[in-house]
Amino acid sequence: MQERRIVVTGIGGVCCLGKNVETIWSNLIAGKCGIGPITLFDASRNKTRIGGEVPGFDPTCYVPAKEARHMDRFVQLAIAAADEAMAASGLKEQLESGKADPSRIGSTVSSGTGGLNAATEACRVIGESGPARLSPFLISRMIGNMASGYLAIRYGFSGPVFGVVSACTTGCHSVGEAYHIIKRDDADVMLAGGAEASVQELSIGGFNALRALSTRNDDPQHASRPFDRDRDGFVASEGAGVLILEELEHARRRGAQILAEIIGYGATCDGYHITSPDPEGKAVADAYRIAMKHAQITPADIDYINAHGTSTVLNDKIETAALKRALGDAAYRIPVSSTKGAMGHALGAAGALESIFCVQTVRTGVIPPTINYQTPDPECDLDYTPNEARSRSVRIAANDNLGFGGHNAVVLFRKYE
């Protein structure tokens, strides 16, 4: 069988930097930050009272109000991102006109935490009124596969549809697994990505208990500072990112615009600790090696890395060590950035949004900055593209993500040629 090439033909996103990819990208490369005081719930009792909220998000712009009430917010965000990606790809019109085969289209739009808002609300109802007052929509609002399920119903496709759950690696895994589904000829098109509504009381309270969040409540714009010596934790944010992945010849036949090509994917596990990454960074490095093996490239071929870069003490120094282990001397040459300085950490949506940023980088030749990088850390000694975007030719970009449970994933994007 001829090797199937996988390309990206549509992208859509919502996050604290904007409600579409154009706005998000413009703000990102301008060095703007979308983090501010939490307004989605009363955070006054929390140690951390800041987060990255989607500005003015109204789900009824995408679905009727009655239907929106039956969805958790992470599904609403997924629909917003998917609608943009589907429209950009031209696929929605072709499905509606019968020119696309719905049995060859699937979805791995996933969530790392699922319907936390639904779960939190249900616990409150049980405490106040008892289980008899629970909503019949509770389970469907709560479970994490519902983003993919709703999208399949919304657009009428029936190929492989499921959710990947791997904490902060969810979005990256979802893109990589969708790539493999098309590669093995189980589908021609996949919606891939992640959605998360994690600026809510259970999530913020839980991460505060872990002491994982920044407590710079008086300075939210500078709270997330990846790779900086004075980083004190990540900032939780919400959002969604969806990519339309497609087999190359299928995309050509329907006249789709090709934004980038996916050429490799690697997934590993530390097998070390439930929340702390392995100090050796071996499994992260192995994920890079697997992705490069599939892509048939060497470290010298990589022109840009969008790093996980959470702004936590452990992640940033261990990820730095892992990049050096994976790429050798090339690690010092390759520009790296963490876009979490600008948009915080969207957990299961992070890898999806950051994959979109890799697509934009190979398309435009603009490398987004790591903002709030002020004081170098001797243990983080790579080129982190500090504070200002950089223009240069980028042929191959890598996105990596690390997640609780020891999960690691790497996806490689190439400029379409």
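The largest cavity in this predicted model has a volume of about 40 Å³, and the count of cavities of 30 Å³ or more comes to one. Its lining is made up of G13, V21, I24, W25, L353, I356, F357 and Q360. Two helices, α1 (21-29) and α14 (350-364), are the elements that each give two or more residues to this lining, and the greatest contribution is that of α14, with four residues. In terms of residue class, six of the residues lining the largest cavity are nonpolar and two are polar, whereas none is charged.

Open space was examined in the form of pockets. The largest pocket encloses about 510 Å³ of space, and 28 residues line it, among which T275, P277, T312, L314 and F404 lie nearest its centre. The elements from which two or more residues of this lining are drawn are the helix α12 (313-327) and the strands β12 (396-403) and β13 (407-414). Of the contributions to the lining of the largest pocket, that of α12 is the greatest, although it amounts to three residues. The lining of the largest pocket comprises 14 polar residues, together with 10 nonpolar and four charged ones.

For the second largest pocket, a volume of about 310 Å³ was computed. This pocket is lined by 19 residues, and those closest to its centre are D72, R73, N117, E121 and R141. At least two lining residues are supplied by each of the helices α2 (65-69), α3 (73-89) and α5 (116-129), with α5 providing the largest share, namely four residues. Eight charged residues occur in the lining of the second largest pocket, alongside six nonpolar and five polar residues.

Set side by side, the three linings can be described by their composition and by the elements that furnish them. Charged residues are absent from the lining of the largest cavity, number four in that of the largest pocket and number eight in that of the second largest pocket. Nonpolar residues number six in the lining of the largest cavity, 10 in that of the largest pocket and six in that of the second largest pocket. The element that gives the most is α14 for the largest cavity, α12 for the largest pocket and α5 for the second largest pocket.

Notes: Residues are numbered from 1 along each chain as its sequence is written. This is a predicted model: local features need pLDDT of at least 70, side-chain atom pairs count only at pLDDT 80 or more; totals for chains, interfaces and linings use all residues. Side-chain values use heavy atoms; hydrogens and water are left out. On a 1 Å grid over the protein atoms alone, a cavity is a set of points where a 1.4 Å probe fits but cannot get out, and a pocket is an open set with protein on both sides within 12 Å along at least five of seven lines; lining residues have an atom within 4 Å of a point. Grid points are joined across faces, edges and corners, and a volume is the space filled by probe spheres set on the points. Ala, Val, Leu, Ile, Met, Phe, Trp, Tyr, Cys and Pro count as nonpolar, Asp, Glu, Lys and Arg as charged, and the others, Gly among them, as polar.
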